[in-house]
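Here is a set of short exercises to work through with the structure open in your viewer. Try each task on your own, then compare your steps with the solution.

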Amino acid sequence: MGNLFYNMVNNMERIYLDHAAATPVDKGVVAAMRPYFTDKFGNPGSLHREGQIASAAVFNSRLKIARALECGYREIIFTGSATEANNLALRAVIKNVKIKMQNDSAKLKNLRPKIIISTVEHESISETAADLEKEGVEVARIPVSREGLVDLGKLKAALDERTVLVSVMYVNNEIGMIQPIKEIAKIIEDFRKEIPNSRFPIPNKFPITQFPILHIDAVQAFQYLPCRPAELNVDLMTLSAHKIYGPKGMGLLYVRRPTSDVRLLSSFITGGGQEGGMRAGTENVPYIAGFAEAVEITEAMREKEAKRIAKLRDYFWQEIRRKINTHLNPALKALSGGINPPPASRGRKEGMELNGSLKNRLPNNLNIYFPGHKAQDLLIALDVYGVAASSGSACSARTTEPSRVIMALGYNRERALSSLRFTLGRRTTKNEIDITIKVLLKCLGA
């Protein structure tokens, strides 16, 4: 029977349920990119016709994305990845503040700027913050609830006159929880109004209304949630192309421009005047064109796709609970005659559980605790049977350390090492979900 099952699965196409890590490039995106690899290959910095064609492609792509975000095209900075954009957000803000402090007043030279992040940020934020900490920056790390939501009371209490930046992930890449960004923005806005200008230590040439600056990592959010900076009331926002069916190696940072002569950031990569002087280096024209196309496609199908995928995700979760929880808890299985757990026993802690709540969750995400089973073993078994999933962030997937996000929810190491993430995408079908459930049963020994 085992060999028959193996042959059946391996004669089928693979099932990909790791869309939070990467998405397949959309055919329309490939078509938009293709000319700039061959026919329209000029350097955007060149003055000749070939260069101007490439320059126009970058400009038009910037316009397309700006229209989708309802912001100014000059507020879009293209980067080599979302990780670079997150580094730019944190490091360039701190660099800008330090330059102004050094230039404006000797008594401010030893002032310690402060940034605030949550305990469930992506590594590109948490590790960058830790690196800045070594350089003398104070880092306040705000805890989250068992559901993964930032403690707003503690965030508000952490704000003070030295706080120059708050960075909070809009949607967590591991557990899919959606943070209350508008509420966080309101807390920061109220703080800006309350603190008198005379108490704020950063020089007046940097307007008081800009501190603290609010940055959000919206990499996972854009696929399913509107991400208009003005509506969210954020100053900086990170996006990534390969999370929305665009090419890998392409990100952007939205940077609010309060006035034409005031900037929130200082240059990050030097050596050229590209990206408004903020990020030197020849523009990746094909990928920029592909990114813009991916944004347009995502905008057009977001609402309909979010409803479809949420329905499929909920079906997945209901069926997993119905068919698998009995296997994870032999006592419940015996009580139910080996079919389903009796109603009074459903939801008991001995069985499979969701990390984070189903409410306030991205519609394509399930992060599930399988007690008694190591995530790495399950992932290998799933892969053998043709199903791709993950145990968390792709950026740390090759480590054997437990998920720090799940541990930040208050769970133990065993739970963090026994949890899998399934993230659905545009190509995911009900038939694939049904097959995945059968494969899971097989991998769990049912």
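## Exercise 1: a helix pair

In this predicted model, Leu 378, Ala 381 and Leu 382 of helix H11 meet Val 439, Leu 440 and Cys 443 of helix H14.

**Task.** Find how the axes of H11 and H14 cross, and name the class of that angle.

**Solution.**
- Step 1: Locate the helices, with H11 at residues 375–384 and H14 at residues 430–443.
- Step 2: Look at their axes, which come within 10 Å and cross at roughly 125°.
- Step 3: Classify the angle. Angles over 145 degrees count as roughly antiparallel, and 65 to 115 as roughly perpendicular. The crossing of roughly 125° fits neither class, so H11 and H14 are oblique to each other.
- Step 4: Add the handedness: H11 passes H14 in a right-handed crossing.

## Exercise 2: the cysteines

**Task.** Are Cys 227 and Cys 443 buried or exposed, and how many disulfides does a search of the whole structure find?

**Solution.**
- Step 1: Recall the cut-off, since buried means under 20% relative accessible area.
- Step 2: Cys 227 has a relative accessible area of 2%, so this residue is buried.
- Step 3: Cys 443, one of the H14 residues that meet H11, has 16% relative accessibility and therefore also counts as buried.
- Step 4: For disulfides, the search of the whole structure comes back with zero.

## Exercise 3: the three-stranded sheet

**Task.** Work out the strand order of the open sheet that contains S10, and describe how S10 is enclosed.

**Solution.**
- Step 1: Start with S9, residues 353–354, which runs antiparallel to S10 and is joined to S10 by two bridges. Glu 353 has Tyr 369 as its bridge partner in S10.
- Step 2: Turn to S12, residues 419–423, which pairs with S10 in the antiparallel sense over five bridges. Here Asn 365 is partnered by Thr 423, while Tyr 369 stands opposite Ser 419.
- Step 3: Put these together to get the order S9-S10-S12, an open sheet of three strands with antiparallel pairing. S9 and S12 are the edge strands, each pairing on one side only.
- Step 4: Check burial in S10, residues 365–369. Five of the five residues are buried, so the strand is largely enclosed by the rest of the structure.
- Step 5: Sort the side chains. In a regular strand they alternate between the two faces of the sheet. From S10, Asn 365, Asn 367 and Tyr 369 point one way, and Leu 366 and Ile 368 point the other way.

## Exercise 4: the seven-stranded sheet

**Task.** Which strands stand at the edges of the open sheet of seven strands, and which helices lie across strands S2 and S6?

**Solution.**
- Step 1: Read the order, S2-S8-S7-S6-S5-S3-S4, with mixed pairing.
- Step 2: Take the edges, S2 (76–79) and S4 (138–142). Each has a single partner strand, so one side of each is left without a neighbour in the sheet.
- Step 3: Note the twist: neighbouring strands are turned by 20° against each other on average, direction ignored.
- Step 4: Inspect one pair, S6 (residues 213–217) and S7 (residues 236–240), which run parallel and are joined by three bridges. His 215 has Leu 236 as its bridge partner in S7.
- Step 5: Add the helices. H3 (residues 49–69) lies across S2, S7 and S8, running at about 120° to S2. H7 (residues 181–194) lies across S5 and S6, running at about 165° to S6.

Technical notes: Residues numbered from 1 in each chain as written. Predicted model: local features only at pLDDT ≥ 70, side-chain atom pairs only at ≥ 80, totals over all residues. Heavy atoms only, no water. Disulfide = S-S within 2.5 Å. Buried < 20%, exposed > 50% of the residue type's maximum accessible area, 1.4 Å probe, protein only. Helix = DSSP H or I, 4+ residues; strand = E, 2+ residues; numbered from the N terminus. Pairing = 2+ DSSP bridges. Axes fitted to C-alpha atoms, helices over the stretch in contact; angles between N-to-C directions. Contact = heavy atoms within 4.5 Å. Parallel < 35°, antiparallel > 145°, perpendicular 65-115°, else oblique. Left-handed = near helix turned anticlockwise from the far one by under 90°.
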